[in-house]
There are 2 protein chains.
Amino acid sequence: MNTLAEENYLKSIYHLSLNDVNVSTNQIAAALNTKAASVTDMLKKLADKALINYAKYQGVTLTAAGEKIALHIIRKHRLWEYFLVEKLHFKWDEVHEMAEEMEHISSIELIDRLDKFMDYPKHDPHGDPIPDRNGNFKKYELKPIAALNVNENGIISGVRDHSPAFLQYLGKQQLTIGKKIKVTEIIDYDLSMILQVEQTEIHISREVAKNLLIAI
Amino acid sequence: MNTLAEENYLKSIYHLSLNDVNVSTNQIAAALNTKAASVTDMLKKLADKALINYAKYQGVTLTAAGEKIALHIIRKHRLWEYFLVEKLHFKWDEVHEMAEEMEHISSIELIDRLDKFMDYPKHDPHGDPIPDRNGNFKKYELKPIAALNVNENGIISGVRDHSPAFLQYLGKQQLTIGKKIKVTEIIDYDLSMILQVEQTEIHISREVAKNLLIAI
DNA sequence: TAAAAAATTTAGACTTGTCTAAAAAATTTA
DNA sequence: TAAATTTTTTAGACAAGTCTAAATTTTTTA
């Protein structure tokens, strides 16, 4: 098996790969709160194990083997988050740190049984898809509410910012996964938006609108 | 917080302390599958942190602080074992290794909620007591079936040997926690015993009788 | 396109936890 | 109780993962 550090590198590289094909040393260092020199050392090890494609100064991509491991860690992270929210009743802004530890529990059988226990959830509490045991999941597209025009509507299906502060704010405003929203007005001055959510109108800044995602 | 290695040392010292007041370097080395020299190094660190009382060549005892940590790890281990058996339907001989990893998940709130989720179980799947959040548990005494005479009876309440092989054997014979047993015969020749368990008679060796415990 | 700036890698060092081999202390035994 | 044996500790080394500082490569910019 891989070390904890290796698993965290693979997971970060996977997430960064969603935005850029080649992931840079500095991006990884920032994501893992470490130094570029440390990243270079680890990249050599991961390349030796054939988990990444690495050419000096060129950035990295995951190999098929590396991506498989990354997706399995993400599967574990998201299933544990679902467990923490649905079974232990934590709030969606409280579970990330715990899941960061739990995602490294190694047993595959354990996670498959946990999946069954919860009746095979498709999304974690933040709307992110949960890969199945083979690493497959539907790559549905989401777009920010900021991209909507007046009178357009959608269902809240994800967040771009996973910080506790943002999640807490959304929770307080009842802007949670599954809620149906409609844009009733866009303020010219600052591009902030007024949304119709169930019976109430909610005013959100452009910043919030960019980080709150709806299904297309 | 403490490192994973430190937690494992404290836990081992706690378990060994149940048999001997002072725990020796070699005992710890054997329990942790490491070398005496490595143990000496770690004992110095734990003593510096005031988690153990350590005098060179004299063996160690846990301080109150060290015992508290050890009991919390044991609490986590046993609650996760209960979860794995009761909720995920693993067999009692399958859960130890998984719980060895899960016991190091740090959140106290998580384990308290898990405890509540399972309705505050008092014993793990092997009959061992689960400490509460303050490290308290009933210190009930158990004795081996080997200590019984003919016609005496009791309720299976624990095991002395936690190895998968022993647990699997017991499971197959229906010799599980909570079963009522009565000694119907003791064979002079090898001190093996014939037990009445529910409707059936089961013949167990002296070795088994020494490792299977009943409530006094 | 050459100089400046930024990104990345290398070199050497440090910490944690481990090891082997040798030394020292404690215990057993004759 | 002195010698032999066992246990424990010390000394020095190593691997993993990290760091700082310096060197190198790439990218940007003037």
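How many nonpolar, polar and charged residues make up the surface near DNA strand D? The close-ups below start there, in what is a predicted model.

**View 1. The protein surface around DNA strand D.** By class, this surface has eight nonpolar, seven polar and five charged residues. That answers the opening question, and the next thing to look for is who gets nearest: of the 20 residues around the strand, Thr3(A), Thr34(A), Ser38(A), Tyr54(B) and Lys56(B) do. On the DNA side, sugar and phosphate make up 74% of the strand D atoms that come within 4 Å of the protein. Both chains chip in with helices: α1 (4-17) and α3 (36-48) of chain A, plus α2 (25-32) and α3 (36-48) of chain B, each supply at least two residues of this surface.

**View 2. Polar contacts to the phosphates of DNA strand D.** Zoom in on Ser38(A), where a polar side-chain atom sits 2.6 Å from a phosphate oxygen of strand D. Lys45(A) also reaches a phosphate oxygen of this strand with a polar side-chain atom, at 3.3 Å. Over on chain B, Tyr57(B) uses its backbone instead: a polar atom there is 2.9 Å from a phosphate oxygen of strand D.

**View 3. The six-stranded sheet of chain A.** This is an open sheet with antiparallel pairing, and its strands come in the order β3-β8-β4-β5-β6-β7. β3 (142-144) and β7 (200-204) of chain A are the edge strands; each has a single partner, so one side of each goes without a neighbour in the sheet. From one strand to the next, the twist averages 45°. Further in, β4 (153-159) and β8 (212-215) of chain A run antiparallel and are joined by three bridges. Pick out Ile156(A) here, and you'll find Ile214(A) as its bridge partner in β8(A). Helix α7 (164-172) of chain A packs on the sheet, touching β4, β7 and β8 of that chain, and its direction makes about 145° with that of β4(A).

**View 4. The six-stranded sheet of chain B.** Here, too, the sheet is open and antiparallel, with six strands ordered β3-β8-β4-β5-β6-β7. Why is one side of β3 (142-144) and of β7 (200-204) of chain B left without a neighbour in the sheet? Because both stand at the edges, each with a single partner strand. Neighbouring strands are turned by 45° against each other on average, direction ignored. Five bridges link β6 (193-197) of chain B to β7(B), with the two running antiparallel. Along this pair, Gln196(B) stands opposite Glu201(B). Helix α7 (164-172) of chain B lies across β4 (153-159), β7 and β8 (212-215), at about 145° to β4(B).

Methods. Residues numbered from 1 in each chain as written. Chains lettered and ligands numbered in written order. Predicted model: local features only at pLDDT ≥ 70, side-chain atom pairs only at ≥ 80, totals over all residues. Heavy atoms only, no water. Near = heavy atom within 4 Å. Polar contact = N/O pair within 3.5 Å; in protein donor to acceptor, adjacent residues only side chain to side chain. Helix = DSSP H or I, 4+ residues; strand = E, 2+ residues; numbered from the N terminus. Nonpolar A, V, L, I, M, F, W, Y, C, P; charged D, E, K, R; others polar. Pairing = 2+ DSSP bridges. Axes fitted to C-alpha atoms, helices over the stretch in contact; angles between N-to-C directions. Contact = heavy atoms within 4.5 Å.
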